[in-house]
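The following exercises ask you to read a fold from its strands and helices, and then to look at its core and its ligand site. Work through each task before turning to the solution below it.

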Amino acid sequence: MKGRIHSIETFGTLDGPGIRFVLFMQGCMLRCRYCHNPDSWAADAGRTMEVEEVMAEIEPYLAYYRASGGGITVSGGEPTLQAPFVAELFRACKERWGLHTAVDTSGFCEPDHAAGLLEQTDLVLLDLKLMDNDRHAALTGQPNERTLRFAKWLSDRRKPVWIRHVLVPGVTDRSEDLLALGKFIGTLNGVEKAEVLPYHHMGAYKWRLLGMPYSLEGCREPERHEVARAFQIIERGRGKK
Ligand code: SF4
């Protein structure tokens, strides 16, 4: 089975526990204003790889993934768009090496489509953006109902989940939004932790290369104390503090 791949990282430390092989898939239906991989949007771009070709890329580094309690994370783009391929890859990684598997998803996905993939997935990294539907649509180009439905579906199955929220000053850092997000997270089962990821503009140059206006031009990256504050508000919403 073939998948369309955007890129590969062999020593990922930010996308799940331990050191991880991170496979970035091609294709995404969202258009997040802060996206640092807009070159991953087109579903027909990237390069095609067989499951076995990806396995061959993983194998040389297996000792690091195992010793660190790591594994494989499939990110994007949006990995659930190629759910059958990712499911096959995860199944092979588990059968052959017993690797821990994670998907990093926007949750913009119908659960029925991803059910087979999620059976092979140990951990879901779920990116939640804004609870206000209109502002979510303005930020991502899509409403949030589908993502929230996906989150509830995971919750009903008590799937282990790490929630991630990208903190963009002036866009996703309002106290009331963070509190509402925390309250929603507080209703979910299976959430092992919530993370706040600081916005960065390292991907802005890709927008320019693609000839697209970067609407966050001039937006600053958040300070460390702002990230800590956002985390505290979300945790308060969850009922943790
Ligand atoms: S979901 Fe991820 S890949 Fe898709 S537009 Fe948003 S940030 Fe970019």
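Axes are lines fitted to C-alpha atoms, for helices over the stretch in contact, and angles run from 0 to 180 degrees between N-to-C directions. The model used throughout is a predicted one.

**Exercise 1.** Determine which strands helix α9 lies across, and at what angle it runs to β8.

Solution. Helix α9, which spans residues 224-238, lies across β7 (161-167) and β8. Its direction is then compared with that of β8, which gives an angle of about 150°.

**Exercise 2.** Establish the strand order of the open sheet and identify its edge strands.

Solution. Begin with the order, which for the 8 strands reads β3-β1-β2-β4-β5-β6-β7-β8, with mixed pairing. The edges are β3 (47-50) and β8 (191-198), each of which pairs on one side only. Within the sheet, β4 (residues 71-75) and β5 (residues 100-105) pair in the parallel sense over 4 bridges, and Gly 71 has His 100 in β5 as its bridge partner.

**Exercise 3.** Find which residues of the largest nonpolar core touch the most other members, and which helix contributes the largest share.

Solution. Among the 61 residues of this core, those residues are Leu 23, Val 86, Ile 163 and Ile 234. The largest share, 7 residues, comes from helix α3 (residues 83-97), a helix that lies across β1 (2-12), β4 and β5.

**Exercise 4.** Classify the residues of the shell around the ligand.

Solution. The surrounding residues include Cys 28, Arg 31, Glu 78 and Ser 106, and the shell as a whole divides into 4 nonpolar, 5 polar and 2 charged residues.

Note on methods:
Residues are numbered from 1 along each chain as its sequence is written. This is a predicted model: local features need pLDDT of at least 70, side-chain atom pairs count only at pLDDT 80 or more; totals for chains, interfaces and linings use all residues. A residue is near a molecule or strand if its C-beta atom, placed from the backbone, lies within 6 Å of it. Ala, Val, Leu, Ile, Met, Phe, Trp, Tyr, Cys and Pro count as nonpolar, Asp, Glu, Lys and Arg as charged, and the others, Gly among them, as polar. A nonpolar core is a set of buried Ala, Val, Leu, Ile, Met, Phe, Trp, Tyr and Cys residues joined through C-beta atoms within 7 Å. A residue is buried if 20 or more other C-beta atoms lie within 10 Å of its own, exposed if 12 or fewer, and partly exposed in between; C-beta atoms are placed from the backbone. Helices (H or I, at least four residues) and strands (E, at least two) are DSSP runs, numbered from the N terminus. Two strands pair if DSSP finds at least two bridges between them. Two residues are in contact if their C-beta atoms, placed from the backbone, lie within 7 Å.
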